[in-house]
Amino acid sequence: MKVERIRLMNIRMPLVSPFETSFGKETDRNTLIVAISSEGLTGWAESPTLSSPLYNEETTETAWHVMKDFLIPLVLGKEFNHPSELPKAYKAIRGNNIAKSGIEGAFWDLYAKARGIPLWRAVGGTREKIAVGVSLGIEPSVSVLLQKIERYLSDGYRKIKVKIKPGWDVDVVEQIRHEFGDIPLMVDANSAFTLNDIPLFKRMDEFGLIMIEQPLEHDDIVEHSYLQRELRTPICLDESILHAKDAKNALDLGSARVINIKIARVGGMSEAKAIHDLCKVRGVPVWCGGMLETGIGRAHNLAIASLEGFTIPGDTSASSRYFKEDIIEPEVVVEDGYIDLTTATGRSPGIGYKVREDRLRKWLVREEVFRA
Ligand code: OSB
Ligand code: MG
């Protein structure tokens, strides 16, 4: 199929409540939506950038620039038989993985629609029910966090992940265990600690967490192996894994026993699949992380999460956990801790969800159309 037309949109949509991590606070989603059209069909995806370069080096502005001035010129007007061919077209462009992921993703949806099959089937998914958890930010007080945990547990969520940072760490975990007992619990530090904190992690080790996500520096693999040696709790890497090769190095070194796979962070669906395949061969469990995506990015996350190796509930929560109203129809719903792909949506070609143009317009910041 020929890439005839690419539509790039920047939307800014409020979150239902601010999301605070060790690196900063998000109050709205300043994100990019990509649509690729060919032969009368349109494929949709999201490049879920953040406003500031605090999670990775990208921002909504840099991703717009890299897509407009570099990635789009390399794919526009070209013929591709399969979405995995797109990364080859822009192989010379370094980094900028979130920008890349939206371009490849839109072609994946287009490809699945052209074949008349659901996206999750097109990527090779086999799981029909996706188990989900929820990622909870740093709150003004522990009691506010405990109330939120209670709500999500009663909604059926199958994993609770809480953000930690120095000063909001072991004591918080202790209070959660005290209140809720043996729930499936993990923490995510977003790189806020160093090897000087080994004593703190040894205390953390006593609480039977499912895993500790990205405790050390965002670009580290070696020091995580030193920390992992000291702990029984598995370390999970997020920020440090940008390619399948990073995952291989981390597993070879013993830096992690679990990998968080985010399509955006690794530059697209093909690389995400490659990491899944590598981990499956090595018997390493993976799960699908999130970037507070709108329904469009969320649909892609559900597709990758349907692959066999995604054995741990992901961060792909319901639309209502993030937004008052999502930009897709129907919205993503969680029932008894699962998102069901056997519904009409899950059987429809491509992402399965209908994109709400009226809502895109409502939150639109800017838009540009590129034609071959
Ligand atoms: O570290 O996993 C992370 C959100 C934005 C940036 C980084 C992270 C997160 C989350 C939220 O943890 C996951 C989600 O619910 O989408
Ligand atoms: Mg993380």
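In what order do the four strands of the open sheet line up, and is the pairing parallel or antiparallel?

**View 1. The open sheet of this predicted model.** Going across, the order is β3-β2-β1-β15, and the pairing is antiparallel. β3 (41-47) and β15 (364-371) sit at the edges with a single partner strand each, so one side of each has no neighbour in the sheet. From one strand to the next, the twist averages 25°.

**View 2. Strands β1 and β2, with a helix across the sheet.** β1 (residues 5-21) and β2 (residues 24-38) pair in the antiparallel sense over 13 bridges. Pick out Asn10 and you'll find its bridge partner in β2, Leu32. Helix α11 (residues 295-305) lies across β2 and β3, and runs at about 95° to β3.

**View 3. The magnesium ion (ligand 2) and its donors.** Asp188 (OD), Glu213 (OE) and Asp238 (OD) coordinate the ion at 2.1 to 2.3 Å. Along the sequence, the donor residues follow a D-x24-E-x24-D spacing. Glu213 belongs to strand β8 (residues 212-213), while Asp238, 25 residues apart from it, is in the loop between β9 (235-237) and α9 (244-253). Both Glu213 and Asp238 are buried.

**View 4. The largest nonpolar core, with 117 residues.** Met67, Ile176 and Ile259 have the most contacts inside this core. Helix α3 (residues 97-115) supplies the largest share, eight residues. Domain 1 (5-116 + 356-371) and domain 2 (121-347) each put in at least three residues.

**View 5. Around Ile259.** Leaving aside residues up to four places away in sequence, Ile259 touches a set including Leu237, Ile241, Leu251, Ile275 and Val286. Another core, of six residues, lies apart from the largest one; among its members are Met211, Cys236, Trp287 and Ile312.

Key:
Residues are numbered from 1 along each chain as its sequence is written. Chains are lettered from A and ligands numbered from 1 in the order in which they are written. This is a predicted model: local features need pLDDT of at least 70, side-chain atom pairs count only at pLDDT 80 or more; totals for chains, interfaces and linings use all residues. Side-chain values use heavy atoms; hydrogens and water are left out. Donors are N, O and S atoms within 2.8 Å of the metal (3.2 Å for Na, K and Ca); water is not among the atoms, so sites may look incomplete. Helices (H or I, at least four residues) and strands (E, at least two) are DSSP runs, numbered from the N terminus. Buried means under 20% relative accessible area, exposed over 50%, partly exposed in between (1.4 Å probe, protein chains only). A nonpolar core is a set of buried Ala, Val, Leu, Ile, Met, Phe, Trp, Tyr and Cys residues joined through side-chain atoms within 4.5 Å. Domain bounds come from an automatic or database domain assignment. Contact means heavy atoms within 4.5 Å. Two strands pair if DSSP finds at least two bridges between them. Axes are lines fitted to C-alpha atoms, for helices over the stretch in contact, and angles run from 0 to 180 degrees between N-to-C directions.
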